[in-house]
Amino acid sequence: MSSSSMDIDVLVVGGGMAGCMAAMAAKTDENRVLIVEPSNVLGGQGTAGGVAGFCADSMRVNDIFADLINRLDAHGLIEPYNPLHDRRPYDLEWCAFFLQEMVVERGIEVLLHSRVLDAQANAGWVTSVTVATAGEVLEFNPRVVIDASGLCIVPMKVGFPVAHDGANAQLPMSLYFTLWDSHNPVKPVLPPGCPTWSNDDEIPMTTLHHFPSGKVEVKMKVVGFDAADGMSLSQAEIFARRQMMGLIYYLQTHGYRGRKLDTYVLASVSRRIGEIPVKKPKRRNPYDATNRSGSIIRQYHSNPIHGRGPGGQLRPPRHSDGTGAGDLLSMAAILAV
Ligand SMILES: Cc1cc2nc3c(=O)[nH]c(=O)nc-3n(C[C@H](O)[C@H](O)[C@H](O)COP(=O)(O)OP(=O)(O)OC[C@H]3O[C@@H](n4cnc5c(N)ncnc54)[C@H](O)[C@@H]3O)c2cc1C
């Protein structure tokens, strides 16, 4: 593969839910659409990130999303639809598989283990995007770039105006992990340096979802860090692992909301990544996720969608607008919380 053999029309940066949906919406019989994704799987937060539940009304998104839901639903891999529930849990691995199949079936090309390194613009128009793949660095000159990285990597690299509100102006980050019922008593361990709490109300906002299989999915807030700052994000990772070990100890010894998990063991830990920040949280309580309700949603930086200019170059159509189509799923999720 060389850059000259990759004559792409639409380059989608990031293979999360938003990137996959955008790629499928953009694909026609005539064009070539390529998704660039750093990890080894599609779905981003919605699969690799461990976010195993769709917020918002999962019946009212669009036809492509309905296809994904139907594939999961056909095999009992997603909870039944209930418009009164704020979240619809699903199986992560099957979701990743069906999403992959949907993308590949449509003839969309995928570069996994690859990431956008750089981008160039000329007079406000994106002209090229540099991608590191396994073995080589490629340069693309697509007609359209859709940045669904959640990081606005392309606008940042080309120097478009961006906003970065910093820690505590964003939603708190979260760590997902899963526990499994071993059906045997476990010996709780509280490693030095890990926190502990004396009652449920003291711990950072935590939600548990009990699956019939014996799996428990735990979502735990990691508060006070800046997801758009590399050092702060790294500190958050270290802090989160300690907090997780403390929380597991708490669940095994004390229990949460009346249920002790003294036969449960740690099964897997997701990547912990921040959520899309809101511009004006309604409440200050950093543990309170309901501060998202009705708030204005904003990217870390600026609009990730680039239109096409008169000369065929690319540009963001609305510099001042903080959301883009690549975040439609995120928007739907957060607006409905
Ligand atoms: C902890 C947490 C809990 C959440 N809980 C829920 C929930 O319960 N229900 C719900 O509906 N929503 C929830 N959300 C929100 C939901 O998960 C996200 O809104 C949604 O998954 C975002 O999808 P996305 O495709 O926009 O971004 P992502 O899933 O973040 O995808 C972005 C992709 O871009 C890739 N990328 C990054 N940098 C580059 C680069 N340089 N080049 C190329 N690709 C790059 C990443 O690898 C990733 O795959 C939660 C989010 C988090 C973080």
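R257 lies in the loop between α5 and β13. Helices here are DSSP runs of H or I with at least four residues, strands are runs of E with at least two, and both are numbered from the N terminus. This is a predicted model, in which local features need pLDDT of at least 70 and side-chain atom pairs count only at pLDDT 80 or more, while totals for chains, interfaces and linings use all residues. Residues are numbered from 1 along each chain as its sequence is written.

**Whole chain**

The chain holds six helices and 15 strands. Its pLDDT, the predictor's confidence in each residue from 0 to 100, averages 79, and 78% of the residues score at least 70. Over residues 274-337 the pLDDT is below 50, although this stretch has 151 contacts in the model beyond near neighbours in sequence. Two residues are in contact if their C-beta atoms, placed from the backbone, lie within 7 Å.

**Three loop residues**

How well covered is a residue? One is called buried if 20 or more other C-beta atoms lie within 10 Å of its own, exposed if 12 or fewer, and partly exposed in between, with C-beta atoms placed from the backbone. Here are three examples from loops.

| Residue | Loop | C-beta neighbours within 10 Å | Class |
|---|---|---|---|
| G15 | β1 to α1 | 30 | buried |
| H113 | β5 to β6 | 13 | partly exposed |
| R257 | α5 to β13 | 8 | exposed |

R257 has a positive phi of about 50° although it is not a glycine. H113, also not a glycine, has a positive phi near 50°. G15 and E37 are 22 residues apart in sequence, yet their C-alpha atoms are 5.0 Å apart in space. Leaving aside neighbours within four places in sequence, G15 is in contact with C20, I35, E37, L42, G44 and V110.

**A helix and a core**

Just after G15 in the sequence comes α1 (17-26). How many of the ten residues of α1 are buried? Eight of them are, so this helix is mostly covered. Among the buried ones are C20 and A23. A23 touches V12, V33, I35, V103 and I108, not counting residues up to four places away in sequence.

A nonpolar core is a set of buried Ala, Val, Leu, Ile, Met, Phe, Trp, Tyr and Cys residues joined through C-beta atoms within 7 Å. The largest one has 70 residues, and those with the most contacts inside it include C20, A23 and I35. This core lies between domain 1 (3-163 + 299-336) and domain 2 (173-269), because both give residues to it; the domain bounds come from an automatic or database domain assignment.

**Sheet and hairpin**

Two strands pair if DSSP finds at least two bridges between them. An open sheet of four strands has the order β11-β12-β10-β13, with antiparallel pairing. Since β11 (206-210) and β13 (264-269) stand at the edges with a single partner strand each, one side of each is left without a neighbour in the sheet. Five bridges join β11 to β12 (residues 215-222), and H209 stands opposite E217 in β12. Helix α5 (residues 230-253) packs on this sheet, touching β10, β11, β12 and β13.

Elsewhere, β7 (residues 125-132) and β8 (residues 137-140) pair in the antiparallel sense over four bridges, with V129 opposite F140 in β8. Their hairpin has four residues between the strands, and G135 takes a positive phi near 100° there.

Notes: Axes are lines fitted to C-alpha atoms, for helices over the stretch in contact, and angles run from 0 to 180 degrees between N-to-C directions.
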